[in-house]
Amino acid sequence: MIRRLWCVQSQSASFSSTSTTNNNKKKPVVLLGAPHVSTIVLDALLTASASPHSSFEVAAIVTQPAARRDRGKKLTLSPLANYALDRGFSQNLIFTPQRAGDDTFLSDLKALQPQLCITAAYGNILPTKFLDIPLFGTVNIHPSLLPMYRGAAPVQRALQDGVKETGVSLAFTVRALDAGPIIATETVQVDHHIKAPDLLELLFHKGSKLLIRELPSIFDGSARVKAQPQDDSRLHWHQR
């Protein structure tokens with residue numbers, strides 16, 4: 001029963017109705033994520049979208065499928081899915097595709113007509129046919145000062161290297177991993193006592209604020225103009 005509830009095969013008619021409503025009112029955005037830090041971004045988006053002057057609303061959540069925990073005895077939803085439900089999000093608008101390129105999922109996503117997709121520790125590669133759907137593209141909150149520490153576990157790698165500062169980047173998503181043009185960054189000084197989970201949470205709080213600040217420029221197109229290509233000469237030596 002849980003598997004049926006969380007499969008990506010949903011009622012397209014309801015999505016078409018929702019997308020029509022969204023088009024008449026606010027710009028529909030879709031958040032992709034899974035772990036606890038993704039809930040920080042969802043909270044910021046829901047809070048900002050509740051403002052009378054907001055131009056957008058969160059139209060859907062995309063997250064990882066329910067996974068077996070407790071030695072495989074229990075199916076557990078992702079932290080993002082649980083948080084979305086706690087915030088009153090409709091279960092019909094929480095997608096859990098095995099892959100972001102699944103045809104059924106992409107069909108349902110297109111029916112929502114999202115104007116922007118946002119990734120926050122989603123963990124799945126986004127194919128071109130996904131990236132072509134949102135009108136204003138897809139942006140990613142990445143917990144490093146790109147291009148340094150592209151890929152997985154950037155905070156852990158930064159701490160292992162003993163860096164004195166790190167940060168968070170808001171960048172457009174392209175097919176190459178974490179290689180898109182950078183919209184904005186924020187630098188954070190690293191306390192040598194801080195642990196990776198705490199630093200990761202701090203960076204996603206900073207990144208959420210950065211996202212909310214930059215949403216108007218993304219929607220009016222100026223973010224595309226000001227976004228800076230990444231300087232690959234600054235790549236961390238481990239990645240060369």
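Biologist: What is the strand order of the open sheet of seven strands, and how do you know which strands pair?

Modeller: The order is β5-β2-β1-β6-β7-β8-β9, with mixed pairing. Strands here are DSSP runs (E, at least two residues) numbered from the N terminus, as are helices (H or I, at least four), and two strands pair if DSSP finds at least two bridges between them. This is a predicted model, where local features need pLDDT of at least 70, side-chain atom pairs count only at pLDDT 80 or more, and totals for chains, interfaces and linings use all residues. Residues are numbered from 1 along each chain as its sequence is written, and side-chain values use heavy atoms, leaving out hydrogens and water.

Biologist: Why do β5 and β9 stand at the edges?

Modeller: β5 (94-95) and β9 (182-189) each have a single partner strand, so one side of each lacks a neighbour in the sheet.

Biologist: What makes β6 and β7 a pair?

Modeller: Strand β6 (residues 116-120) and strand β7 (residues 138-142) share three bridges in the parallel sense, and the cut-off is met because pairing takes at least two. Thr-119 has Asn-140 in β7 as its bridge partner.

Biologist: How do β7 and β9 each pair with β8?

Modeller: Both pairings are antiparallel: β7 and β8 over four bridges, β8 and β9 over seven. Val-139 is bridged to Phe-172 in β8, and Val-168 to Glu-186 in β9.

Biologist: Why is β8 called mostly covered?

Modeller: Buried means under 20% relative accessible area (exposed is over 50%, partly exposed in between; 1.4 Å probe, protein chains only). In strand β8 (residues 165-172), seven of its eight residues are buried, so "mostly covered" fits.
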